[in-house]
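Student: Could you take me through the enclosed spaces in this one? I'd like a close look at what lines them.

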Amino acid sequence: MRWLVGWSSTTAKASGPLGAGSESGETVHPVGSQLLWGDPDPLWAVGDWRPDEVRVVRADERTRIAVLGTCAASDEQLRVGLFAARGGALRHLTAWPGSYTAVVQVGRRITITGDLAGARPVFHTPWASGTAYATAALPLADLIEAHLDIGHLAALLACPDVPEALQDSTPYQGVRRIPPGHALILRDGAREIAGYETVASLAVAAPEQDARRAVDGVRETLVEAVRARLSAPRHVPDIDPGPVPGMGPHERRAARMPVPGIGADLSGGPASGTLALLAAGLPGIPGTVLGHGTGAGERLLAVTFNDLTDRQEEELGRAGALATNPRLHHLVVPATEEALPYADLAGPLTDEPAPSLVTAARHRLRLASGSADHLTGYGARQVLDAHPARLADLLMDRRRRHLVRPVAALARTEGSMSSVLVPAKVYGAARRLARTSYRLGLEEAALRLRSGIVDEPGGPVGASLAALTWVRPGPAARFLTGEALAEVSVRLERSATRPVTGPGRHPGELRARAALARQAADLRILEQAAEVRFQRLHAPFLDNEVVRACRALPDSLRIQPGARAAVLRTVLEATGVTDLPTGWGAPSHASSATAQKLGLRAAVEPLMDLFAAPLLAQAGLVEARVVRKALRAAAQGGNVPPDGLADLISTELWLQRLLARRGTCWTGTPARTRAVPTGIRPQRGELGRPASPSGV
């Protein structure tokens, strides 16, 4: 893991040596850190950061900017952004190609920017008469000895992609996160959270941008995002990982180290294929053909994971056709039983729980064969595809004619007998959502949760109809106790009474942003769980400028069937790539669903042991017998939502790893303080909380 951490105190005196003041007078600082600047408001970079990933530019001793991550801005551009931020313009700090976190200090004012997707979040907590902040929640939880927030875990399982349920909480009490598209501003320890994106008018619908110009914007930003990775210094992992019985130095390095240079996933899908072809086609290394240019002949390493399932043959065929490009070096990584989901229940502790914990070993097998810098297509579906709730957005903006093709495509997936009724059902659900206010939608969702109505829809049409709501429970909600669902319903009711703020108030736009944040959060945890030493994963589709360009695509374009593949095909054609294989862009989740079922069947006994006395039951979130019954049914091919089980299992794994931990992220603290020092403590729910003395 890599993160940055610092704090702002109420007065300059509140900090001790190296700015590490605490209420007990101890001097504390993060383990394995490098100090970027010191008292009175210190900032550290923690972890195995590369030298080019940590940059500090100073205008004077009290006016400076630190950028951590991949950022293509020059020092002069950083200096211009620093001066703009000094005047209050924060958006400049988020408009450079790459994926990074920017921290600006102007006197005693400190500004930390989060990203638009949520892949680089910012957390904060009160500490030592001020505010501590970090890009990871666990270090702050260690600092304040935070206990578990059981209500957050309930919301994460019941409504994982509903910001109104999750709010700004984390799994640790007292540690808060800022929402995507916002910045944390600290002044003498006092905190403020400000959005840096333009807020559209609620009175008049904004005119749609020209489709051709919007696609050109996606192409330009995507090319710049890939170029930012290619132009960064190359890193060769040349450290011998140490002796292993029966292995020589070269064998040890081959088994544990990524290949030097830049590579990419090549799954056969449009997202990874687009990135691989763009990276291979841009001038310079990699991707230059032998005999042309300096350093030519170093082709881009394209990695395809062979799931060994019959349904993946078409994707493998498309990947093989793309790999005939002379600029690519194709590597097929075959799956084994050890690569099935749930095959390896051991692993490192991550910052938060996420479904990717149950597939970490699977991804690690693929990534271990990749390059030191590896491009992935994560996030493309969320930034380019249209959420079903966008149908209601079109109705609200009086653009009904654009609903014809997507509704007809849904009708074709349902078969001939019921296809006649599908258009009426979908249109009726979209119309009902368009006429339902945000507050009423949250209140209805809270009532359904309290009543235990969390049925899982079936088929593409059922899933689309279920998605045409303001709030949709997650697949694990059906396994939660009534008390846990009541906790989440209270959170939703509380959110319904708050004023609606931020960009975009249409249901489709809000649901799409929430789905993107969910995907970005899962990718962040996947990077930690499946980490290969000396390797960096890059997700250009989650870069700020790419997200902005994709959001500018008109709804009338993105709602059409096959829109994502059409946009990416246009991007490639504009860069000179025209010979794409037949069927390129066809959607497929069949192989991953098949692997999940096989993994559950093979690992049912270890999973039953995991839920013999689960911590989730100790926290009052589930009943162990209900989960064990569902595991048995799923292993026997029963109709049990595999995604819901993945959520439960990953959360239980994370809890057990957290409570088994004995280390801490800090040194110099009294008695090595760490998060959750006393284990899971029984908590009274919102419904059981006593009334205030005033009777309010």
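Tutor: Let's start with the second largest cavity, whose lining splits into four nonpolar, one polar and four charged residues. Keep in mind that we're looking at a predicted model. The residues behind that split are Arg2, Leu367, Glu527, Ala530, Glu531, Val532, Gln535, Arg536 and Leu537. Sort them by class and the charged set is Arg2, Glu527, Glu531 and Arg536, while Gln535 is the polar one. That leaves Leu367, Ala530, Val532 and Leu537 as the nonpolar part. The space they line comes to about 80 Å³.

Now hang on to Arg2 and Glu527, because both turn up again among the residues nearest the centre of the largest cavity, along with Ser99, Ala119 and Arg120. That cavity has a volume of about 610 Å³, and its lining runs to 32 residues. By class, these are 13 nonpolar, nine polar and 10 charged.

Where does that lining come from? Several elements each put in at least two residues: strands E1 (3-9), E6 (63-71), E7 (98-106) and E18 (536-538), plus helix H17 (507-529). Looking back at the second cavity, Glu527 falls within the span of H17, and Arg536 and Leu537 fall within that of E18.

To round off the cavities, the total is five of 30 Å³ or more.

One last stop is the aromatic rings. The whole structure has six aromatic pairs, and ring pairs tie Trp7, Trp44, Trp127 and Trp666 into a cluster. Trp7 sits in the stretch covered by E1, one of the strands that help line the largest cavity.

Methods: Residues numbered from 1 in each chain as written. Predicted model: local features only at pLDDT ≥ 70, side-chain atom pairs only at ≥ 80, totals over all residues. Heavy atoms only, no water. Phe/Tyr/Trp six-rings, centres within 6.5 Å; stacked < 30°, edge-to-face > 60°. 1 Å grid on protein atoms, 1.4 Å probe; cavity = no way out; pocket = protein on both sides within 12 Å on 5 of 7 lines; lining within 4 Å. Points joined across faces, edges and corners; volume = space filled by probe spheres on them. Helix = DSSP H or I, 4+ residues; strand = E, 2+ residues; numbered from the N terminus.
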